[in-house]
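Biologist: I should be grateful for a close look at one charged pair, followed by an account of how the rest of the fold is put together around its helices. Please keep to what can be read from the coordinates.

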Amino acid sequence: MAPKSKEKSKTSNSQPPPAIEDLFTSLHQHIKDTKYEEAVKVADQVLSIVPTDEDAIRCKVVALIKDDKFDDYLIKDVKINGALSVINSFQKLPIDLGFHKAYCLYRVNKLDEALVCLKGLERDTDTLVLEAQILYRLGKADACVDVYQKLTKSQIETLEVNLVAGLISAGKASQVQKTLESLKIKPTSSFELAYNTACSLIENNNYADAEQLLLTARRIGQETLNDDDIALTDEEIEIELAPIAVQLAYVQQILGQTQESTSSYVDFIKRNLADEPSLAVAVNNLVALKGFKDISDGLRKFDLLKDKDSQTFQLSQALDAKLSQKHKEAIYANRVLLLLHANKMDQARELCAALPGMFPESIIPTLLQAAVLVRENKAAKAEELLGQCAEKFPEKSKLVLLARAQIAASASHPHVAAESLSKIPDIQHLPATVATIVALKERAGDNDGAAAVLDSAIKWWSNSMTESSKLRVLMPEAAAFKLRHGQEEEASRLYEEIVKNHNSTDALVGLVTTLARVNVEKAESYEKQLKPLPGLKAVDVDKLEKTYGAKPIEGAAASSSQEEVKKEKAKRKRKRKPKYPKGFDPANPGPPPDPERWLPRRERSSYKPKRKDKRAAQIRGSQGAVTKDKQEAAPSTSKSNQAASSKGNAPAPSSKASKKKSRR
């Protein structure tokens, strides 16, 4: 910025203020040296002299934006206005700061306000780029791609990088290759573009090529960032390449390289780089990879992502501003699942209650709330909640209705489960779905409803123009169902139709069997179409039907056969030599063992108790000198002796019992 001459304002100070030209020269030098805090101070000096100077106001706003001071901040407990406050303070002046305000709102994550602020501005290149960025952060990827495609002819740096990111978010990853070809840009022209292109390959399930392109992106990034002109430290280079490292670990995880992926995630988390979005993705993926093996460790790792000032789990402001809605939803959902498995129901319930406000257009919060209700044995409330969600989001109702059907079937509500499956048009007429609905209706006792489901499925496949018709599967099952429930005429009609259209032998057998109950003559006519079985030409069927099978022979023959069986068993019986103890001579066995050897010693007939000690009864002193006190004390002494002896003898039975067990 060139120095600018301004008229000096009149001041009452005795000491004259610095010249405006000198202040602008100093301001220009500070901005050139990226000393934005000093630039703000100089701009304030200019504004103290000329409060409405447009250049000074713009310099101050830009310096605050460059210094990332969008909101008000404190310096030594003194409140300093941020860029937004400065812009709002000069709204009455005829200075257009709408673009700067929109950018500040975008940076503080007030995206809707930022988009409104852009509407009144001229649609130049800068405005369109900012609008595309805001739309991308709002999750409106299709609108974001439309804006970027309008800018393809503009010479904007990294336009192709943002365009590829928008295409991936819009679910158009398959168009990335054609788009780059139309722009005549190679995926390896920069490490950012190589990374985004690898992400598109991941979306297309081309993991092997994605892994190779990510390795190439890392190599290009290291070569680019190690350039002397950029002058970045090793840690700063590592931060720049952090998303590539995390994405490589994710590809390894998908390819089944569990150990490599786990070590990569753990390594990255331990390094604690100043790249919070990459850290959040690594933590979430590691928790998903481990599952529920170490729930407490997973909860601790999620705590690394929470806002330190919040008592409940809430992502930090930086993560809330930088992560996409999809990533944030995945983190919150995994947190709830861990809480459920840790049986921390209060925390899970509290977090689930906050999720619908965070993700109003998603069905995941409702599914998580239903999971909490099921854990609390409130299946009926979960079914009601999921039913309301399916009505609110009909285009996303498939997953909701499947979850409702599963919960209802597990809670013995077959009618609700069948109703939920019947509301999914994509799978309503598939054989597996039809079989499940029929089984559920049978369990609920609605046989007519089950038959109606089968008839509807047969009619739908009869009218469909698809080559892979499922009539060959559905019609025999429908005929068997009707036959099982006493509808022989309907069953025979279905079997007859199968025989005419598909020439099935199994159906012909079923038709003959069914018609034999309804129309014998017709059954005989169809029976002639059955091929004769080999080996049955000489068998007289009429004679075979008159026989009653083999009868058992009574009398002597039976008894003789039993004797023969006994003799055979006796012959088969093997004699074994008796086993004697070591050193025992069967010729000289010696005296027989004591038959009472297994009894306790005191219960044996040879047991003699020990004599009492007579010395305990001796009384010392003169003969006959027994006092009254001793006579009164004698019973207590004998009791104490008795108690002591009982205590002393107490361990004896247990020791004998242990010996008895050891012998056995």
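Modeller: E38 has a relative accessibility of 35% and therefore counts as partly exposed, since that class lies between 20% and 50%. The model is a predicted one. The side chain of E38 forms a salt bridge with that of K41, at 3.9 Å from N to O. Both residues belong to helix α2, where they stand three residues apart, about one turn of the helix. K41, at 46% relative accessibility, is partly exposed as well.

Helix α2 comprises residues 36-49, and the loop that joins this helix to α3 (54-66) holds D53. Is D53 buried or exposed? With a relative accessibility of 3%, D53 is buried, because that value falls under the 20% limit. Its side chain has polar contacts with the backbone on the C-terminal side. A polar atom of the D53 side chain is 3.1 Å from the backbone nitrogen of D55, and the side chain also reaches the backbone nitrogen of A56, at 2.8 Å.

Other salt bridges can be set beside the pair in α2. The whole structure contains 23 of them. In one, the side chains of D67 and K69 meet at 3.1 Å, N to O. D67 is partly exposed at 26% relative accessible area, and K69 is partly exposed at 21%. In another, K441 pairs with D446 at 3.8 Å, and D446 is partly exposed at 31% relative accessibility. Some salt bridges share partners, and in this way K290, D297, R300 and K301 are joined into one network.

From the charged groups one may turn to the nonpolar interior. In soluble globular proteins, nonpolar side chains tend to be buried together. The largest nonpolar core here has 76 residues, and I134 and I244 are the members that touch the most others. Once neighbours within four places in sequence are set aside, the contacts of I134 are Y106, L111, A114, L115 and L118. A separate core of 50 residues includes I363, A370, A408 and A457.

The loop between α5 (98-107) and α6 (111-119) is where N109 is found. This residue has a positive phi, near 70°, although it is not a glycine. At 26% relative accessibility, N109 is partly exposed. C104 has a relative accessibility of 0% and is buried. The cysteine sulfur closest to that of C104 belongs to C117, but the two are 9.5 Å apart, and a bond is ruled out because a disulfide requires sulfur atoms within 2.5 Å. C117 is likewise in no disulfide, its nearest cysteine sulfur being that of C104. The total for the structure is zero disulfides.

I244, named above as a residue of the largest core, lies in α14 and is among the buried residues of that helix. Other buried positions in α14 include A242, V246, L248, A249 and V251, together with the polar residues Q247, Q252 and Q253. The cover over these buried residues includes α11 (191-203), α12 (207-225), α13 (234-240), α15 and α16. The 13 residues of α14 should span 18 Å at 1.5 Å a residue, and the end C-alpha atoms are 19 Å apart, which agrees. Just after α14, G256 adopts a positive phi of about 85°.

Between α15 and α16 the chain passes through a loop that contains N272. N272 is a further residue other than glycine with a positive phi, near 55°. With 56% relative accessibility, N272 is exposed, because it exceeds the 50% limit.

Helix α16 covers residues 276-290, and its 15 residues reach 21 Å from first C-alpha to last, close to the expected 21 Å. Its buried residues include P277, S278, L279, A280, A282 and V283, as well as N284, N285, L286 and V287. Among the elements that cover them are α14 (242-254), α15 (258-271), α17 (295-303), α18 (317-322) and α19 (325-341). Helix α14 thus figures in the cover of α16, just as α16 figures in the cover of α14. Just after α16, G291 takes a positive phi of about 70°.

Key: Residues are numbered from 1 along each chain as its sequence is written. This is a predicted model: local features need pLDDT of at least 70, side-chain atom pairs count only at pLDDT 80 or more; totals for chains, interfaces and linings use all residues. Side-chain values use heavy atoms; hydrogens and water are left out. A nonpolar core is a set of buried Ala, Val, Leu, Ile, Met, Phe, Trp, Tyr and Cys residues joined through side-chain atoms within 4.5 Å. Buried means under 20% relative accessible area, exposed over 50%, partly exposed in between (1.4 Å probe, protein chains only). Contact means heavy atoms within 4.5 Å. Helices (H or I, at least four residues) and strands (E, at least two) are DSSP runs, numbered from the N terminus. A polar contact is a pair of N or O atoms within 3.5 Å; within protein, one must be able to donate a hydrogen and the other to accept it, and residues adjacent in sequence count only if both atoms are side-chain atoms. The expected span of a helix is 1.5 Å times one less than its number of residues. A salt bridge is a side-chain nitrogen of Lys or Arg within 4 Å of a carboxyl oxygen of Asp or Glu.
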